[in-house]
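User: I would like to learn how to read features from a structure file. Could we work through some together?

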Amino acid sequence: METEQFEIFGSEIDVEALSPKTLTEIIEGEDLSGLVTLKTTVAEVCTKKGCFFIAEEGDYTARITFKEYSFFIPTDSQGKEVMLVGDFSIETLSEEKAKHYAEDAGKNADEIKGEQKEYSVVATSVVVPKSK
C-alpha cells in the first residue's frame, strides 16, 4: 500500500491505529518476546536487496528481518524513521551466520569471532516514509 507520505511493505495495517514503542521501551520492558509495534530508525540496511535492516536506538540494536522473506524494504532506507509490527525475540547467531549478515551489510566479517547474541524482530509489516 502507498500514500503520499509512506509505503507499507508486507501485510496491510492501519497506520493511524498503531501505538508504537521505542526499542529501549521494548528491551527494558517486562516481556522480551512476542508481538511488538516499534518506531525506530534504520541504522543499516542490507545493501544487496533490502532483506534486513538494523534498528538502532542509544546502546541498543536489533536485526529486523521479514516474515518468510516475503517482502523487502528499499535499499535506500538508511536513516529513515520507520514503524513496524512483528515478533520480538533474543537470538543467538552462529559465527557463520553472523559473518554472513556482516557481509550482507558491507562490513568486515573477519572481525566476528564466536556466537553472537542479538535482539531480533521478524516483521509482518513495515511502514517506510517516502523520500522528499
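Analyst: Start with a salt bridge. This is a predicted model, and in it Lys-107 forms a salt bridge with Glu-44, with the closest N and O atoms 2.8 Å apart. Lys-107 sits in the loop between α2 and β6 while Glu-44 belongs to strand β2, so the pair ties together parts that are 63 residues apart in sequence. At a relative accessibility of 46%, Lys-107 counts as partly exposed.

User: What is the general idea behind such a pair, and how many salt bridges does the count come to?

Analyst: Side chains of opposite charge can pair when their charged atoms come close. Here the count comes to four salt bridges. One of them joins the side chains of Glu-81 and Lys-39, at 3.6 Å from N to O. This pair also links distant parts of the chain: Glu-81 is in strand β5 and Lys-39 in strand β2, 42 residues apart. Glu-81 is partly exposed, with a relative accessible area of 45%, and Lys-39 is partly exposed at 38%.

User: Which residue forms a salt bridge with Glu-95, and how are the two separated in helix α2?

Analyst: The partner of Glu-95 is Lys-99, and their closest N and O atoms are 3.6 Å apart. The two are four residues apart in helix α2, which means a separation of about one helical turn. Glu-95 is partly exposed, its relative accessible area being 30%. Lys-99, by contrast, is among the buried residues of α2; buried here means under 20% relative accessible area.

User: Which other residues of helix α2 are buried, and what covers them?

Analyst: Helix α2 spans residues 95–104, and besides Lys-99 its buried residues are Ala-98, Tyr-101, Ala-102 and Asp-104. The cover over the buried residues includes β3 (52–57), β4 (60–66), β5 (81–93) and β6 (116–129). Just after the helix, Gly-106 takes a positive phi of about 75 degrees.

User: β6 keeps coming up. How should I read its pairing with β1, β4 and β5?

Analyst: A general point about strands comes before the pairings. In a regular strand the side chains alternate between the two faces of the sheet. For the pairings, look at the sense and the number of bridges:

- β1 (residues 6–10) and β6 are antiparallel over five bridges, and Glu-7 stands opposite Val-128.
- β4 and β6 are parallel over five bridges, with Val-121 as the bridge partner of Ile-64.
- β5 and β6 are antiparallel over eleven bridges, and Ile-90 stands opposite Tyr-119.

User: Now the largest pocket. How much space lies in it, and which residues are closest to its centre?

Analyst: The largest pocket holds about 430 Å³ of space. Its lining has 21 residues, and those closest to the centre are Ile-54, Arg-63, Lys-107, Ile-112 and Glu-118. Lys-107 is thus a lining residue as well as the salt-bridge partner of Glu-44.

User: Which elements supply the lining, and what is its make-up by class?

Analyst: At least two residues each come from β2 (34–45), β3, β4, α2 and β6. β6 gives the most, with four residues. By class, the lining has eleven nonpolar, three polar and seven charged residues. To find β6 in the display, recall that this strand also pairs with β1, β4 and β5.

Conventions
Residues are numbered from 1 along each chain as its sequence is written. This is a predicted model: local features need pLDDT of at least 70, side-chain atom pairs count only at pLDDT 80 or more; totals for chains, interfaces and linings use all residues. Side-chain values use heavy atoms; hydrogens and water are left out. Buried means under 20% relative accessible area, exposed over 50%, partly exposed in between (1.4 Å probe, protein chains only). Contact means heavy atoms within 4.5 Å. Two strands pair if DSSP finds at least two bridges between them. On a 1 Å grid over the protein atoms alone, a cavity is a set of points where a 1.4 Å probe fits but cannot get out, and a pocket is an open set with protein on both sides within 12 Å along at least five of seven lines; lining residues have an atom within 4 Å of a point. Grid points are joined across faces, edges and corners, and a volume is the space filled by probe spheres set on the points. Ala, Val, Leu, Ile, Met, Phe, Trp, Tyr, Cys and Pro count as nonpolar, Asp, Glu, Lys and Arg as charged, and the others, Gly among them, as polar.
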